[in-house]
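This briefing covers the packing, fold, overall dimensions and charge of one protein, followed by a single residue in its setting.

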Amino acid sequence: HACHGRLVNHPARAMKGANWDGREMSFRHAPELYGAIHFHTTDLTDCAWDTDFEFTVPADLKSGCYAMRLSCGDAHDTIPFFVPPPKGTTTAPLAVLIPTFTYTVYVNYDRVDFSPAYRERCDQLGFDCLFPADHPEYGLSTYNVNADGSGICHSSIHRPLLNVRPGHLAYLDYRGSGLRHYGADMHLITFLEEEGIAYDIITDHELDDEGISAIEGYDALLTSSHPEYHTATTLDALTAYRDRGGRFAYLGGNGFYWRVARHPEMPNVIEIRRGEGGIRAWASEPGEYYQAFDGHYGGLWRRSGRPPQELAGVGFSSQGPLEGSHYRLLADANDPRVGWLVAGIDGPLFGGAGLSGGGAAGFELDRADSRLGTPDHTVVLARSEGHSDGFIVVHEERLTHLTNIPGEPLDDLVRADMTFFETSSGGAVFAVGSITFCGSLPERGGDPDVRQLMKNLITRFLDKTPFAMPA
């Protein structure tokens, strides 16, 4: 009837109507079956507050991770922000990719374990935490559900980001810092600052906006602990960087896992559909797997033919508590391909200390798998061991209670593989296979062997000498 309107705070679109009959799974193919819009009290993508503070970034401010301290009487807040180099330039040979899409997806995660013990731990550490459970008016995370039980599929940074703050405790972790995402990624930044290694900051938002041009000028590119959520553009850019001779280091776990979309008019609003498999907090309904923002099939990138192993050599294999274990060194220090990387490590075990769960290999683990795209010439440098019974194999690898897709003993799939391979264009890819790895990098509370490994890696990755593919 041409009664056009404008939706506020992004209620869920591309949802089945009462006449949906299962004959089509995409709203693009049969829009007449998708007449529903889902409104929820928890829909909030823009607080629409008046602006009362502005800061102009000085042209000569170093690229890096910053925070703005604001106060009003006894109230205060510390708001993080990232400064990339001026567009089209580089100010260091090394770039660190900050996973701002993943931060957005996890914004205001109302965890089930915000318990009295958690709050007491915050007090012990001197953390001034605000808890999403106490402030539902700011909207929740896509890891939470609406009042009707449906999953929250939109998230935005145009609201207070309570868990993206310095000192926000994510877990009760008496062996370490209890930090995740933004806080845990500062373990890597701390290491780089301690070692005096120059770096530029690039975020997912720049990478999605600019593609390969955002990173092509760097000799080496590091991810942080958990680059989980990506668009097709960010994956394409990383793949192109690698294939053009870039040196790419994936320093986390459970990365490149879920597909997301950005709203074309409000690009700081992100959509996720959790369909058909994967470790997930809720499941999309049949017929609602396609993203409303761009019309593409959502869910795991693996379900779209792009498993993480195809990009980085390893992909999600197992999840467990925030517990860190160690690696067992497998590489030969005399091997000319990888001896430089493990030089100075006192094996056979290393990585048994750290600020994330007490060890470098833990929480969410990735493994190599040639069936999913790990190159045949990949070297497994080290492999984790000693994980507790709390770790499970991810759902997408399970078939029945007796069988799994890789055909390996189930316990053998609970592991982190640390891998390395060269590319035909003279570049190389290194992966650690673990979310907790970066927690072992800071000098205080970290692991000396993990620090040595990273120093070896960065030194060689910034060397202009091309890598050679094995014969």
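The largest nonpolar core of this predicted model holds 54 residues. Its members with the most contacts to other members are Leu-192, Leu-222, Leu-251, Tyr-327, Met-418, Phe-430 and Phe-437. Separate from it is a second core of 25 residues, including Ile-215, Leu-238, Phe-248 and Tyr-250.

**Fold and burial**
- The protein contains eight helices and 20 strands.
- Of its 471 residues, 56% are buried.
- Among contacts with a sequence separation of 6 or more, 75% join residues that are 24 or more positions apart.

**Dimensions and surface**
- The radius of gyration is 22 Å, which agrees with the value near 23 Å for a compact globule of 471 residues.
- The C-alpha trace spans about 75 × 60 × 45 Å along its principal axes.
- About 20,000 Å² of the protein is exposed, and 52% of that area comes from carbon and sulfur atoms.

**Charge**
- Negative side chains number 63 and positive ones 38.
- The centres of these two sets are 3 Å apart.

**Glu-210**
- Glu-210 lies in helix 4, which covers residues 204-210.
- The relative accessibility of Glu-210 is 26%, so the residue counts as partly exposed, a class that runs between the 20% limit for buried and the 50% limit for exposed.
- Thr-233 is 23 residues away from Glu-210 in sequence, and their C-alpha atoms are 8.9 Å apart in space.

Technical notes. Residues numbered from 1 in each chain as written. Predicted model: local features only at pLDDT ≥ 70, side-chain atom pairs only at ≥ 80, totals over all residues. Heavy atoms only, no water. Core = buried A, V, L, I, M, F, W, Y, C linked by side-chain atoms within 4.5 Å. Buried < 20%, exposed > 50% of the residue type's maximum accessible area, 1.4 Å probe, protein only. Helix = DSSP H or I, 4+ residues; strand = E, 2+ residues; numbered from the N terminus. Rg over C-alpha atoms; globule rule 2.2 N^0.38 Å. Contact = heavy atoms within 4.5 Å. Areas by Shrake-Rupley, 256 points an atom, 1.4 Å probe, with all protein chains shown as cover. Lys, Arg positive; Asp, Glu negative; His and termini not counted. Charge placed at Lys NZ, Arg CZ, Asp CG, Glu CD.
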